[in-house]
Amino acid sequence: MKFAIVVQGAPYSHAASLSALHFVKAVLDAGHEIYRVFFYNDGIYNASDLIAPPQDETNIPAAWLSLAETHKVELITCIASSLRRGLLNEAEAKRYEKTAANLNAAFEISGLGQLIDAGLAADRTVTFAA
């Protein structure tokens with residue numbers, strides 16, 4: 001079975017992000033496929049390259065990166081949500097004349113079309129919200 005995942009909760013603010021991460025790992029361990037993970041609203045904070053949790057806490061953004069690298073899972077952040085919350089890649093930082101970018105390179109900024117595509121391509125879409 002093929003899953004599309006939507007994450008709407010920021011790491012460390014709600015259980016949504018960590019729950020989504022555990023769900024994705026369980027899906028992959030069961031032999032299923034993750035078509036795409038789409039980060040929306042406050043979920044985009046999972047893609048920040050500036051998050052540095054204490055060493056005794058789970059590094060949720062790093063766990064998403066590891067999962068993406070190990071299983072070739074596509075991680076997409078909503079461009080509107082990202083811009084509103086100051087999460088920029090190099091291109092958007094330049095476009096809006098900002099001094100820095102803070103989107104982790106493993107994530108891609110894109111539009112809601114990617115979410116619609118994921119919903120059409122997947123057998124199931126599961127949303128984790130705060």
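Two strands pair if DSSP finds at least two bridges between them. This is a predicted model, where local features need pLDDT of at least 70 and side-chain atom pairs 80 or more, while totals for chains, interfaces and linings use all residues. Residues count from 1 along each chain as its sequence is written, and side-chain values use heavy atoms, leaving out hydrogens and water.

Q: In what order do the 5 strands of the open sheet come?
A: Strands here are DSSP E runs of at least two residues and helices H or I runs of at least four, numbered from the N terminus. The 5 strands pair in the parallel sense and form an open sheet. Read across, the order is β4-β3-β2-β1-β5.

Q: Which strands stand at the edges?
A: An edge strand here has a single partner, so one of its sides is left without a neighbour in the sheet. That's the situation for β4 and β5 (124–128).

Q: How many bridges join β3 and β4?
A: Let's look at strand β3 (residues 75–78) and strand β4 (residues 107–110). L75 sits opposite F107 in β4, and T77 sits opposite I109. The two strands run parallel, and the number of bridges is 4.

Q: Are the residues on both faces of β3 buried or exposed?
A: In a regular strand, side chains alternate between the two faces of the sheet. In β3, L75 and T77 point to one side, with I76 and C78 on the other. Both faces are covered, and all four residues are buried (under 20% relative accessible area with a 1.4 Å probe, protein chains only; exposed is over 50%, partly exposed in between).

Q: Which residue of β2 stands opposite L75?
A: Strand β2 (residues 33–39) runs parallel to β3, and 3 bridges join them. The residue of β2 facing L75 is V37.

Q: How far apart in sequence are E74 and R36?
A: These two form a salt bridge (a Lys or Arg side-chain nitrogen within 4 Å of an Asp or Glu carboxyl oxygen), with their closest N and O atoms 2.7 Å apart. R36 is buried at 5%, whereas E74 is partly exposed at 28%. E74 lies in the loop between α2 and β3 and R36 in strand β2, so the pair ties together parts separated by 38 residues.

Q: Which residue in helix α5 forms a salt bridge with R36?
A: Helix α5 spans residues 112–121. Its partner for R36 is 81 residues away in the chain, and the N to O distance is 3.0 Å. At 32% relative accessibility this partner is partly exposed; it's D117.

Conventions. Contact = heavy atoms within 4.5 Å. Axes fitted to C-alpha atoms, helices over the stretch in contact; angles between N-to-C directions.
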